Amino acid sequence: MSRQAKDDFLRHYTVSDPRTHPKGYTEYKVTAQFVSKKDPEDVKEVVVWKRYSDFRKLHGDLAYTHRNLFRRLEEFPPFPRAQVFGRFEASVIEERRKGAEDLLRFTVHIPALNNSPQLKEFFRGGEVTRPLELSRDLHILPPPLVPTPPSDEPRLPQPLPMERRGLEELEVPADPPPSSPAQEALDLLFSCGSEEEASSSPARGPLSEAELALFDPFSKEGDPSPARREGVKRKAAEYLKRAEEILQGHLTQIPP
């Protein structure tokens, strides 16, 4: 996808409606909305259901990418730690919901995160819909046969039986579903590229002598041994050169 197409949409993320999965763990509804900048009425929506371990894995992947961007303008959001007891309490469920939502919203203005393969993989299996078009057709639907429960009472997941407690945090997430036509539509919204991030932070050449002097521990005090002074400077230059090679290798691995 071209860079212009990638900029056509504004993204909004919400995490809501915690519920208990038949296997006993808590899962959350994750909604990604793509609003066209040219036509605000053009809204696409992707919904998936995710559990705590899915969010924790995504947090680790995106935190690693963020560290390698060497950004100092913002702090990567923390995420609630895993715990064996009390995770079915309403306060813990809300803490995890908010932590997951903060994580997704943090990615919106950082292209390397917003268009990362890990984020697209997170939404794999979700179907792309147009909620505004669906809302226009709701008036033709008959009333529900079964009355809906009142909305003024929060619906929280029920605790697990005692023999199941302690296992939910340790379970490995299931393998992602195979690719499908719905995934192709999803790929059009999630563009895996970071051209904007690379252009905003162009690669630099080797450091100058003045910059290397900042890493010389004897630059201010004046070391009596010129050979030792040059040795320290040469060693610092080797470390910095290696760090630049690692960074460049990471940037070249990101798909265009």
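This passage describes the sheet, the two helices lying across it and the nonpolar core of a predicted model. Residues are numbered from 1 along each chain as its sequence is written, and side-chain values use heavy atoms, with hydrogens and water left out. Because the model is predicted, local features need pLDDT of at least 70 and side-chain atom pairs count only at pLDDT 80 or more, whereas totals for chains, interfaces and linings use all residues.

Four strands form an open sheet in the order β1-β2-β3-β4 with antiparallel pairing, where strands (E, at least two residues) and helices (H or I, at least four) are DSSP runs numbered from the N terminus, and two strands pair if DSSP finds at least two bridges between them. The edges are occupied by β1 (9–20) and β4 (127–129), each of which has a single partner strand, so one side of each is left without a neighbour in the sheet. Neighbouring strands are turned by 25 degrees against each other on average, direction ignored; axes are lines fitted to C-alpha atoms, for helices over the stretch in contact, and angles run from 0 to 180 degrees between N-to-C directions.

Strands β1 and β2 are joined by 10 bridges, with T20 paired to T26 in β2, and they form a hairpin with five residues between them, in whose turn G24 has a positive phi of about 110 degrees. Nine bridges join β2 to β3, T31 standing opposite V47 in β3, and a hairpin connects these two strands through six residues. Between β3 (residues 43–51) and β4 there are three bridges, and E45 stands opposite T129 in β4.

Helix α2 (residues 52–68) lies across β1, β2 (26–36) and β3, at about 110 degrees to β3, while helix α3 (residues 90–106) lies across β1 and β2, at about 165 degrees to β1. The axes of α2 and α3 come within 11 Å and cross at roughly 35 degrees. In their contact (heavy atoms within 4.5 Å), residues of α2 including F55 and L62 meet residues of α3 including L103 and L104.

Nine of the 11 residues of β2 are buried (under 20% relative accessible area, 1.4 Å probe, protein chains only), so this strand is largely enclosed by the rest of the structure. The largest nonpolar core, a set of buried Ala, Val, Leu, Ile, Met, Phe, Trp, Tyr and Cys residues joined through side-chain atoms within 4.5 Å, has 30 residues, and those with the most contacts inside it are V30, F55, F123 and F190. Leaving aside neighbours within four places in sequence, V30 is in contact with residues including V47, F55, L104 and F123.

Terms used:
Buried < 20%, exposed > 50% of the residue type's maximum accessible area, 1.4 Å probe, protein only.
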